[in-house]
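The following exercises accompany the structure shown below. Each task is followed by a solution in steps.

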Amino acid sequence: MEEQQVWICNAAPLFSEGPRNKMKAIVYHKYGTPDDLELKEIDKPVPRNDEVLVKVYAVSINDWDLALLEGDFINRILNGLRKPKRKILGSDIAGRVEAIGKNVKQLNPGDEVYGDLSGRWGGFAEYVCARENLLALKPAAMSFEEAAAIPQAAMLAVQGLIDRGKIKKGQKLLINGAGGGVGTFGIQIAKLYGVETTGVDNTGKLDMMRSLGFDHVIDYTKEDFTKNGKRYDLILDVKTNRSIFDYARALCRNGVYVTVGGSIGRLFEFLFLAPWIRMIHKKHIRLVALKPNKDLAYMNELFEAGKMRPVIDGPYRLDQVPEAFRIFSQGQHKGKMVITI
Ligand SMILES: NC(=O)c1ccc[n+]([C@@H]2O[C@H](COP(=O)([O-])OP(=O)(O)OC[C@H]3O[C@@H](n4cnc5c(N)ncnc54)[C@H](OP(=O)(O)O)[C@@H]3O)[C@@H](O)[C@H]2O)c1
């Protein structure tokens, strides 16, 4: 069966043939739509020497999973030009270590872990293999669903606001696309810095955004924040759907605009024009290159201090993953969509 050699681990199976060697997973064999995701029984992966085998209890959907499913140009370069090489999506997982390779030093069977496995993926399955350095220990009080919601979106929020944005007390901050994964973590981090926050998203998400603590909300279907005359010290953007000049107009002098994602065309435009905007207008345009899992210890700290709670849409079951992707692709989700396995 094609799925059996798919991907996860190259080593030979450890167990004899039988039901113990099998697991359920959501697989895809061609780029397309959520209809191309199928629930299948396939071989359980086997950890290499430097890997652990994790029994997955929860996994969340990221924008990157959808891009890999649809197969845009960049993701075809990453995962096969004609058809996907890695056939199970899902990067942000939480689960329990079931077995370890002989060179694994930090983790033990039974440890509860979570992390972002992007580049390897494989999370929409009952088991996945991962190098131990991609996994953090999950605090006991954090549910598997909460843990699975955190890795990619929270890292983008932390690295966008703190590392690239240099957020400071007293600033005016705007988050564009504030009702999704990055935005719902972003507001909670921003509140720790004592900034005045504005969130932009569609009508259906504004109440949830207010309840998370946004001081002001803007409905992007009714108002363009780059044209209303207001200025911000810091803008964090998850959509990047306007020109660099629009964003520069919405910044104060010496203000900082940080994008976590957008079309390749836009990102090239930004890279090319950012030095000019800095020189002429004294405004700073920056991009985030995700450093996966870098700040999970900080997230654990915030969680344990009661200062951060993931906003979860769901949880859905593994067999509902195609439907969950449909909802996600239509932007109907609030916060992070989580699947319980
Ligand atoms: N920099 C890196 O290394 C890196 C790595 C991984 C991912 N990424 C990027 O990170 C981003 C993921 O963000 P996320 O998880 O927060 O996504 P998300 O959960 O899909 O949230 C995006 C939000 O933006 C809203 N939105 C849509 N159109 C909008 C508009 N015109 N104006 C304002 N808001 C709008 C969406 O709502 P509706 O659609 O319902 O209106 C949704 O609530 C993606 O851009 C991805 O490419 C970057």
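**Exercises on two helices and two domains**

In this predicted model, glycine 306 lies just after helix α9 and takes a positive phi of about 70 degrees.

**Exercise 1.** Determine which residues of helix α9 are buried, and where they lie around the helix axis.

*Solution.* Step 1: a residue counts as buried if 20 or more other C-beta atoms lie within 10 Å of its own. In α9, which spans residues 296-304, the buried residues are Leu296, Met299, Leu302 and Phe303.
Step 2: viewed down the axis of α9, these buried residues fall within an arc of 115 degrees, so they line one face of the helix.
Step 3: the elements that cover them include β5 (112-116), β7 (136-137) and α4 (151-164).

**Exercise 2.** Establish how many residues of helix α5 are buried, and identify what covers them.

*Solution.* Step 1: α5 comprises residues 181-192, and 9 of its 12 residues are buried, so the helix is largely enclosed by the rest of the structure.
Step 2: among these buried residues are Val182, Phe185, Ile187 and Ile189.
Step 3: their cover includes α4, β8 (172-176), β9 (196-201), α6 (206-212), β11 (232-237) and β15 (336-340).
Step 4: just after α5, glycine 194 has a positive phi of about 65 degrees.

**Exercise 3.** Describe the division into domains and the contact between them.

*Solution.* Step 1: domain 1 covers 2-150 + 310-340, and domain 2 covers 152-287.
Step 2: the contact takes 12 residues from domain 1 and 12 residues from domain 2.
Step 3: on the side of domain 1 that touches domain 2, there are 3 nonpolar, 4 polar and 5 charged residues.

Methods
Residues numbered from 1 in each chain as written. Predicted model: local features only at pLDDT ≥ 70, side-chain atom pairs only at ≥ 80, totals over all residues. Helix = DSSP H or I, 4+ residues; strand = E, 2+ residues; numbered from the N terminus. Arc of directions from axis to C-beta. Contact = placed C-beta atoms within 7 Å. Domains from an automatic or database assignment. Nonpolar A, V, L, I, M, F, W, Y, C, P; charged D, E, K, R; others polar.
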